[in-house]
Amino acid sequence: MSFIIYILIFLLVLGLVVLVHEFGHFVFAKRAGILCHEFSIGMGPALYKIKKNETVYAIRAIPLGGYVAMAGEDPETEKIKKGQVVYLQMENAQVKKIYLYKPQLSNVTYAKIINYDLYGKDNKNLFIEYVDLDGTTHHVTVNRDAYYQIDEKNELQIAPFDRCFESKPWLSRFMAVIAGALFNFILATIIFLIINLVTGVPVSDPIIADVSNNSPAALSGLQKGDKIISIKMQDKVTTIHKWSDISKAMDYYVSGDITITVLRNNQEYQYTLSPEIYIGTIGIGSGSYLESTKIGYIQANSNADKAGLKVGDVIKRISGTLNEDENTEIIEKGTVINETNLTNWDDLNKVFSKFYLAEKITIVVDRDGVEKTITVQAIKAIESKNVSSPTIGIIQGTEHNLFKAIGKGFTDTFEVIGSVFATLGLLFGDRNVGVGDLSGPVGIYDMTKTFAMAGFTSLLFWIGFISANIGFVNLLPLPALDGGRLIFLLIEGIARKPINRKVEGYIHTVGFILFMLLFLYVTFNDIIRIRG
């Protein structure tokens, strides 16, 4: 696929998630009777817009975020003031349009405003009191559906109190704010449900559904249908009751052989094997070449792939300078690694595990008899144990069951939300993790490309993952986010008194500016990280 295709996929993924989020706000705002001036996908200048009934639907140039402009959210809703000259267009003895400039029309009236009420709280009539060119004073009513004509291309419907956000019952406003995140969670759950229906729900029993060709499991003699009952490594035996126990046991793998005991035809058999090694920080794996230093696998679109490493390359030397681990008393920054004594993947794993704080790694390989030097930017693993993972080549079983797929859809969504909690925990609790490790639009694009290359199901999972993430992040109690608005609503609910709209507006404005600065910083870091 070309760059343009990946850009289009990225825009579709982000656009769908944003559309669903804003649609949640829109549905509950309309249901409450709130006037919605605009439903926009994207920010900045409008590329396309169309008006239907009282709402403008727009697609804007910057494909990041979106908004539903609800009447009353902006504390400065009125566009006129006393002493201002406007031009009034009348219909059935009522003001239908208020021109903020002098239009080239004959059926408008010059009006220098003396007094007005375009808010109409407590069901009061809307009116404008003005002086015409002859100095005569007039008092006219204003249609509750009247418009401001801001310039020749832009108009804005006036927002009487009964159509504003603040006029609605507390629960209606609460739902209009929280509905964006709820719709994101619903989208994620539906997507995970579909994936589970198509691919099947993982079976919890530790029964091998299949064995990968030429994998350690296949070479050792493990077979489809074997039930794993225990795993032994480093003299520690782990009893296996369910499939997840296998992953937990493998988390403790360091090196060497492991012994797997299985039940086959009511008889126990033991098999000894050496797991393959996958270095996740750069995206390479041993495949079946454990006893050499040959690369047997490269993850598509990984940093190793981008840097130019190839399957079949034989690693001769690994070098680089370590970054500082701020969670230890030992200052490792500046420590130079230059390892040439490499005979197998156990050696490689030990060396690569030293680079876990996003260092640049220089790798010398033998490719068809010619030495090549390649520098790879590793991604941060936070701890050395997270650099690599062992695989043995067994496949978990699945079953196609609608009710279990529904349950798994909810479970998957909660797991994604849980991963965001874990990320926040690292962000505030681990000194090796900071704002610079967050990903913005450029990072999301790069991940979207990776999932798109892996196939439609993987891309679908990514959409669900992003949707659940955006839903949760929007609920964080921060200004300019939905969570910040919910905090003000909760304060109002407790105090039985609304917060001053101007004060709330200023707080959200400051929050928005800070988020834009964070956005620029994260985007810059994404570009540096991806370019290596």
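This is a short conversation about reading features of a predicted model.

Reader: Let's start with the whole chain. How many helices and strands does the protein chain have?

Author: Glad to begin there. In this predicted model, the protein chain holds 11 helices and 24 strands.

Reader: And what radius of gyration does the chain have, set beside a compact globule?

Author: The idea is to compare the chain with a compact globule of 532 residues, which would have a value near 24 Å. Here the protein chain has 31 Å. The box that its C-alpha atoms fill, taken along the principal axes, is roughly 100 × 50 × 45 Å.

Reader: What share of the residues is buried?

Author: A residue counts as buried when its relative accessible area is under 20%. In this chain, 43% of the 532 residues are buried. Contacts can be read by sequence separation too: of those with a separation of 6 or more, 59% are between residues 24 or more positions apart.

Reader: Now a pair of helices. At what angle do the axes of H2 and H9 cross?

Author: You look at how far apart the axes come and at the angle between them. For H2 and helix H9 (residues 456-474), the axes come within 8 Å and cross at roughly 155°. An angle over 145 degrees counts as roughly antiparallel, and H2 and H9 are therefore roughly antiparallel to each other. The crossing in which H2 passes H9 is left-handed.

Reader: Which residues make that contact?

Author: On the H2 side they include Phe-185, Ile-191 and Phe-192, and on the H9 side they include Leu-460, Phe-461 and Phe-465. Sorted by type, the residues of this contact are 15 nonpolar, six polar and no charged.

Reader: H2 also meets H10. How do their axes cross?

Author: The reading goes the same way. The axes of H2 (residues 170-199) and H10 (residues 482-495) come within 9 Å, crossing at roughly 165°. That makes H2 roughly antiparallel to H10. This crossing is left-handed. Among the residues that meet are Trp-170, Arg-173 and Phe-174 in H2, with Asp-482, Arg-485 and Leu-486 among those in H10. The contact with H10 divides into seven nonpolar, one polar and four charged residues.

Reader: Let me try single residues. Is Asp-412 buried or exposed?

Author: Asp-412 is buried, because its relative accessible area is 11% and the cut-off is under 20%. Asp-412 sits in helix H7 (residues 402-429). Setting aside neighbours within four places in sequence, Asp-412 is in contact with Phe-192 and Asn-196. You have already met Phe-192 in the contact of H2 with H9.

Reader: Where does Ala-358 lie, and what is it in contact with?

Author: Ala-358 is in the loop between helix H6 (345-352) and strand E20 (360-367). With a relative accessible area of 28%, Ala-358 is partly exposed. Beyond neighbours within four places in sequence, Ala-358 is in contact with Asn-323, Gln-377, Ala-378, Ile-379 and Lys-380.

Reader: One last feature, backbone phi. What is the phi of Asn-53?

Author: Here you check the sign of phi and whether the residue is a glycine. Asn-53 is not a glycine, yet has a positive phi of about 55°. Asn-53 lies in the loop between strand E1 (36-52) and strand E2 (55-70), and counts as exposed at 70% relative accessibility. Arg-496 has a positive phi too, near 60°. Arg-496 is in the loop between H10 and helix H11 (501-531). With a relative accessible area of 76%, Arg-496 is exposed.

Key:
Residues are numbered from 1 along each chain as its sequence is written. This is a predicted model: local features need pLDDT of at least 70, side-chain atom pairs count only at pLDDT 80 or more; totals for chains, interfaces and linings use all residues. Side-chain values use heavy atoms; hydrogens and water are left out. Axes are lines fitted to C-alpha atoms, for helices over the stretch in contact, and angles run from 0 to 180 degrees between N-to-C directions. Helices (H or I, at least four residues) and strands (E, at least two) are DSSP runs, numbered from the N terminus. Angles under 35 degrees count as roughly parallel, over 145 as roughly antiparallel, 65 to 115 as roughly perpendicular and the rest as oblique. A crossing is left-handed if the near helix is turned anticlockwise from the far one by less than a right angle, and right-handed if clockwise. Contact means heavy atoms within 4.5 Å. Ala, Val, Leu, Ile, Met, Phe, Trp, Tyr, Cys and Pro count as nonpolar, Asp, Glu, Lys and Arg as charged, and the others, Gly among them, as polar. The radius of gyration is taken over C-alpha atoms; the globule rule is 2.2 Å times the number of residues to the power 0.38. Buried means under 20% relative accessible area, exposed over 50%, partly exposed in between (1.4 Å probe, protein chains only).
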